[in-house]
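Trainee: Could you walk me through this one? I'd like to know what the terms really mean.
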Amino acid sequence: MDSIPANRRLWNRISGAYQHEHDPQIGAAPRLWGMYSIPDAHLRALGDVTGKRVLELGCGAGQWSRALAAEGADVVGLDLSEAQLGAAARAMGADRYPLVQGTAEQLPFAADTFDLVFCDFGGLSWAPPHLAVPQAARVLRRGGRLVFNVASPWFEACYDEAAARVTTTLQQDYFALDTIAEGDGATSYQLTYGDWVRVLRGASLVIDDLIEPRPDPETLNGYNKTDPPDWAHRWPAELLWVTHKPSSDRL
Ligand SMILES: C[S@@+](CC[C@H](N)C(=O)[O-])C[C@H]1O[C@@H](n2cnc3c(N)ncnc32)[C@H](O)[C@@H]1O
């Protein structure tokens, strides 16, 4: 819970510049995953959302929520930053959906509410997963799915902070990833593969798939410099977890 105030301050402070720089890429088309804008039509992670009750955890300016609302989903966009929620409100189109200020660490929803909880570098990158995953599982209905995209441990371990680029050299201890300082007390989070499995299984979620999105060689990373430029074609930059809450307590 300690990172909530600093993360809110960070996102309130950078929201304007972040949206100016990244909204054209994130919102270029509906359902684009991650740093390389890989279409969900290729990855097939989210499925049909028509008529489904959906929660986006850390919705930012709502590029995903807006697209799913237009497809007929009953979406709620949650974010801890009022500046990010303001950007989402301003961008909202004819398909209106509710925006809620809250944190992935303590979701302000009743148990068994949603058919799908998802995010793309949202609450599961910016809240401690050992708190956010059980919260997501709690608000899911039985049979509901938790689908989320985060940076991979490969990406984080090879990231050179000083050069602000991902490299082909191990820069950080894999086992020390855990928390990543984002400046002024703000923190993002990363787990080892084993810890992700334990956190998900510990919340009684079933792991259906771990998609490792692979961009084409020439695809640019819209957020980070990479060396070599086709880094993510050669190594997995992201983890797209596909899980569900079982329909009975028996696993
Ligand atoms: C990288 S953005 C993800 C949104 C969108 N997919 C995007 O790529 O811009 C991260 C979002 O997570 C939100 N966030 C940070 N910490 C959070 C928390 N503890 N709970 C919920 N949202 C949080 C931030 O305010 C920000 O809008």
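Mentor: Let's begin with a definition: the bend at a residue is the angle between two axes, one fitted to the seven residues ending there and one to the seven starting there. Helices are DSSP runs (H or I, at least four residues), numbered from the N terminus, and strands are E runs of at least two. Keep in mind that this is a predicted model, where local features need pLDDT of at least 70, side-chain atom pairs count only at pLDDT 80 or more, and totals for chains, interfaces and linings use all residues. Residues are numbered from 1 along each chain as its sequence is written, and side-chain values use heavy atoms, with hydrogens and water left out.

Trainee: What makes α1 kinked, and where is the kink centred?

Mentor: By that angle, α1 has a kink of about 55°, centred on S15.

Trainee: How do you know that α1 falls short of a straight helix?

Mentor: The expected span is 1.5 Å times one less than the number of residues. For the 23 residues of α1 a straight helix would reach 33 Å, but the end C-alpha atoms are only 24 Å apart.

Trainee: Why is S15 called buried?

Mentor: Buried means under 20% relative accessible area (exposed is over 50%, partly exposed in between; 1.4 Å probe, protein chains only). S15 is among the buried residues of α1, as are W11 and Q19.

Trainee: What makes the pair between Y18 and the ligand a polar contact?

Mentor: A polar contact is a pair of N or O atoms within 3.5 Å. A polar side-chain atom of Y18 lies 2.8 Å from a ligand oxygen, so the pair meets that cut-off.

Methods:
A polar contact is a pair of N or O atoms within 3.5 Å; within protein, one must be able to donate a hydrogen and the other to accept it, and residues adjacent in sequence count only if both atoms are side-chain atoms.
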